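Work through the following exercises with the coordinates open, and try each task before reading its solution.

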Amino acid sequence: MTRPNPLRLGASAPALRKMDFFSGMPDEHLALVARVARRRRFRAGQVVIEENSAADTFFIIRTGRVRITKRLETGEEMLLAEEGPGGFFGEMALLDEGPRSATARAVEPASLLEISRNDFKVLLDQAPLLAYAMMRVLSSRLRGTGALMVAQLQHKNRELADAYRDTITAVVNTLEARDPYTRGHTGRVTTIAKAIASGMGLSEEELFIIEIGALLHDVGKIGVTDAILKKPGPLDSGEYEEIREHPEKGRHILKHIAYLEKVIPCVLHHHERYDGGGYPQHLAGADIPLPGRIISVADAFDAMTSDRPYRRGMQFARAVAELRRGAGKQFDPKVVRAFLGVWRKLARLLKRPPED
Ligand SMILES: [Fe+2]
């Protein structure tokens, strides 16, 4: 029988067998591990290995817990795993001979078994069951890390999407503050456009583009003078021309913002007509980008049903009839059909009884 090396004071084979990882291994494998392992103690918070440092050891946890983290470019520390008794770490840099891929830190007082690079190679060579067990753990760890990365990425994406929305909503609120008569218009157009788009079965990404596009559809009105924007009476032809420039002005405002590139068609084309009689580019039918056709219906419906100083907003049911009448002329019939499927739900969402 192989005796534990008294100089190394690592671990005995029976002690190793108590650890899950080693429980099914033959005695000679455990004896081999016991012979080469050296016991080391770490205080809570103490770093065991540091990311990017040179690597020449491998660790197995006897007692305590160790947290494995990786530093991101932003300086944040990302938690990769927390290992308890039987867990191991440090193998990657020994296998690929690169620097440490992560930092390991004891979260509570921990007793670890340390194995040198040379002994680690001997172990893998002479204890195939140990190598196989390690590969199994590594595979499941890889799966876990993959799932963790995806979850963290999704979380970051949600945070980023919320930040977009908040920033853009602040811009829109500033814009609407100039024109009290259209207060709430942008929010309602966004609600309606999203409902239509989701009724048409568009993807999450397309829905997000339409949401941001609807929020920003009139951003070009920032460039329209107050005298015209707030004029209580009818506009003369010159003033009307200036108002008609707002989609182009909107495109101009957004064109240098890379992450809003996909939103530009919503802004530029929300006043095109399906029959080609709209502006600014007189596009017709399917040549008008779909988000533009959707926002056009949402925009028209809200304009018809909102109160203005000089008139009361239309009843929902009447405005729906107007949209039906405009299908194929002003509006894409497919978009109007999708709207007809969601408008009663929308009436509830916008807190308006359909026949008010
Ligand atoms: Fe507009």
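**Exercise 1. State which residues make up the aromatic cluster, and find the bridge partner of Phe42.**

Phe42, Phe59 and Phe89 form one aromatic cluster, where rings of Phe, Tyr and Trp (its six-membered ring) pair if their centres lie within 6.5 Å. The model is a predicted one, in which local features need pLDDT of at least 70 and side-chain atom pairs count only at pLDDT 80 or more, while totals for chains, interfaces and linings use all residues. Residues are numbered from 1 along each chain as its sequence is written, and side-chain values use heavy atoms, with hydrogens and water left out. As a second step, turn to the backbone, where Ala110 in S8 is the bridge partner of Phe42.

**Exercise 2. Determine the strand order of the open sheet and describe how helix H4 lies on it.**

Begin with the order, which reads S1-S8-S3-S6 in an open sheet of four strands with antiparallel pairing; strands (E, at least two residues) and helices (H or I, at least four) are DSSP runs numbered from the N terminus, and two strands pair if DSSP finds at least two bridges between them. The edges are strand S1 (38-42) and S6, each of which pairs on one side only. Between S1 and strand S8 (residues 110-116), the antiparallel pairing extends over five bridges. Finally, helix H4 (residues 117-126) packs on the sheet and touches S3 and S8 (contact: heavy atoms within 4.5 Å). The direction of H4 makes about 80° with that of S8, with axes taken as lines fitted to C-alpha atoms, for helices over the stretch in contact, and angles running from 0 to 180 degrees between N-to-C directions.

**Exercise 3. Describe the geometry of the pair Phe58 and Phe88, and place both residues in the chain.**

A pair of aromatic rings is described by the distance of the centres and the angle of the planes. The structure holds eight aromatic pairs. In one of them, Phe58 and Phe88 lie 5.6 Å apart centre to centre with 55° between the planes, which makes the pair tilted (planes under 30 degrees apart count as stacked, over 60 as edge-to-face and the rest as tilted). This pair links distant parts of the chain, with Phe58 in strand S3 (residues 57-63) and Phe88 in strand S6 (residues 88-89), 30 residues apart. Both Phe58 and Phe88 are buried, where buried means under 20% relative accessible area, exposed over 50% and partly exposed in between (1.4 Å probe, protein chains only).
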